[in-house]
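The following exercises concern the packing, surface and backbone of one protein model. Please examine the sequence and the structure before reading each solution.

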Amino acid sequence: MKRTAAILSLLLILAMVLCPMAYAAGVEVTKVIPEDGETGKQPQNMAVKVTFSEQMDDRESNANHFSIKDSEGKDVPFQVVYSDKYPNELWVVLDETLQSNMEYTFTADSGLQTASGSLLGKDFTSTFKTRNTKTDSLISMVMMIGMMGFMFFASSKAAKKQAEEQAASGGTAVRKQTESLNPYKIAKEKGISLEEANAYVEKQKAKMAKENERLAAEKAKRDEAMAAEMAEIQARLEAEEEAARRANNFRVKAPASMAAKGYKIPRSVVKKNKAKREEAAKKAKKKK
């Protein structure tokens, strides 16, 4: 009887010791956005949304258990955001624009806690890559040039066809008029002398030459207007492309602290900066 009681007591003690450990390590990451290995993310206004198997809360200590590093190992500053509307989620909102065409590693370490105090138990890591904005600009430029080339080709083809039709109709008209300017036929039809018929023919030829000059001048004017229009379209497209490129450039007159601008500095950033200053002071003291 005593032996049975001892065994039961031992089993109870083991259960009491092991259960909290299993409970503490039971929480998992069920979803992360961006997904692991996802590419083509916009560098601006980035955030990593992490969904857990248990309810989370807004405890500040959890900020110390997240990290985001670029491919060179540089930490990216962030803030952790919690919402009662999505109790199983934490949003890691980045404080700066990321680098273009860069891979980033997101980590939630094992010390992360849920609202009930459960631990993540093991590190969770995922990666994502930002899109190449230079390639985007190049593709946009190529598309605009292609569109401009197509418009120029279509306009040129239409103008050429119109000119050919006009030339054909004009040539036919001139040919008919020339055939009708037979002095012998005119002299017979009009009942005039051959000399008078020749004078009439010369007069009509002068009129036709003047008309041809007018048509040629009009064609040159249309060609010039079309060339000017295409040049204007090209200039406008280039200006729009330049404006889009400059829109992604951010200029500052001088460095300024977040506090001076009225922004709240995350506590995790304050702690890291303090640790760096203390480490620098220790190194300076050792050198002395």
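V81 is found in strand β5 (residues 78–81), strands being DSSP runs of E with at least two residues, numbered from the N terminus. This is a predicted model in which local features need pLDDT of at least 70 and side-chain atom pairs count only at pLDDT 80 or more, while totals for chains, interfaces and linings use all residues. Residues are numbered from 1 along each chain as its sequence is written, and side-chain values use heavy atoms, with hydrogens and water left out.

**Exercise 1.** Determine whether V81 is buried, partly exposed or exposed, and which nonpolar patch includes V81.

Solution. Buried means under 20% relative accessible area, exposed over 50%, and partly exposed in between (1.4 Å probe, protein chains only). V81 has 39% relative accessibility and therefore counts as partly exposed. Next, V81 forms a nonpolar surface patch with W91 and V93, whose accessible area together is about 220 Å². Patch residues have over 30% relative accessible area and no salt bridge (side-chain nitrogen of Lys or Arg within 4 Å of a carboxyl oxygen of Asp or Glu), and nonpolar side chains are joined within 5 Å.

**Exercise 2.** Identify the residues with the most contacts inside the largest nonpolar core, and the elements that give two or more residues to this core.

Solution. A nonpolar core is a set of buried Ala, Val, Leu, Ile, Met, Phe, Trp, Tyr and Cys residues joined through side-chain atoms within 4.5 Å. The largest one has 23 residues, and V48, F52, F66, I68 and F106 have the most contacts inside it. Two or more residues come from each of β1 (29–33), β3 (47–52), β4 (66–70), β6 (89–94) and β7 (103–108). Around V48, contacts (heavy atoms within 4.5 Å) include I68, L90, F106 and F128, leaving aside residues up to four places away in sequence.

**Exercise 3.** Locate the cis peptide bond between I33 and P34, and find the phi values of N45 and N101.

Solution. Most residues other than glycine have a negative phi, and most peptide bonds are trans. The bond from I33 to P34 is cis, with omega near 5 degrees; P34 is found in the loop between β1 and β2 (38–41). N45, in the loop between β2 and β3, has a positive phi near 50 degrees. At 78% relative accessibility, N45 counts as exposed. N101 lies in the loop between β6 and β7, and its phi is also positive, near 55 degrees.

Note on methods:
Helices (H or I, at least four residues) and strands (E, at least two) are DSSP runs, numbered from the N terminus. Patches are made of residues with over 30% relative accessible area and no salt bridge: like charges are joined within 9 Å, nonpolar side chains (Val, Leu, Ile, Met, Phe, Trp, Tyr) within 5 Å. Accessible areas come from the Shrake-Rupley method with a 1.4 Å probe; for residues, only the protein chains shown count as cover.
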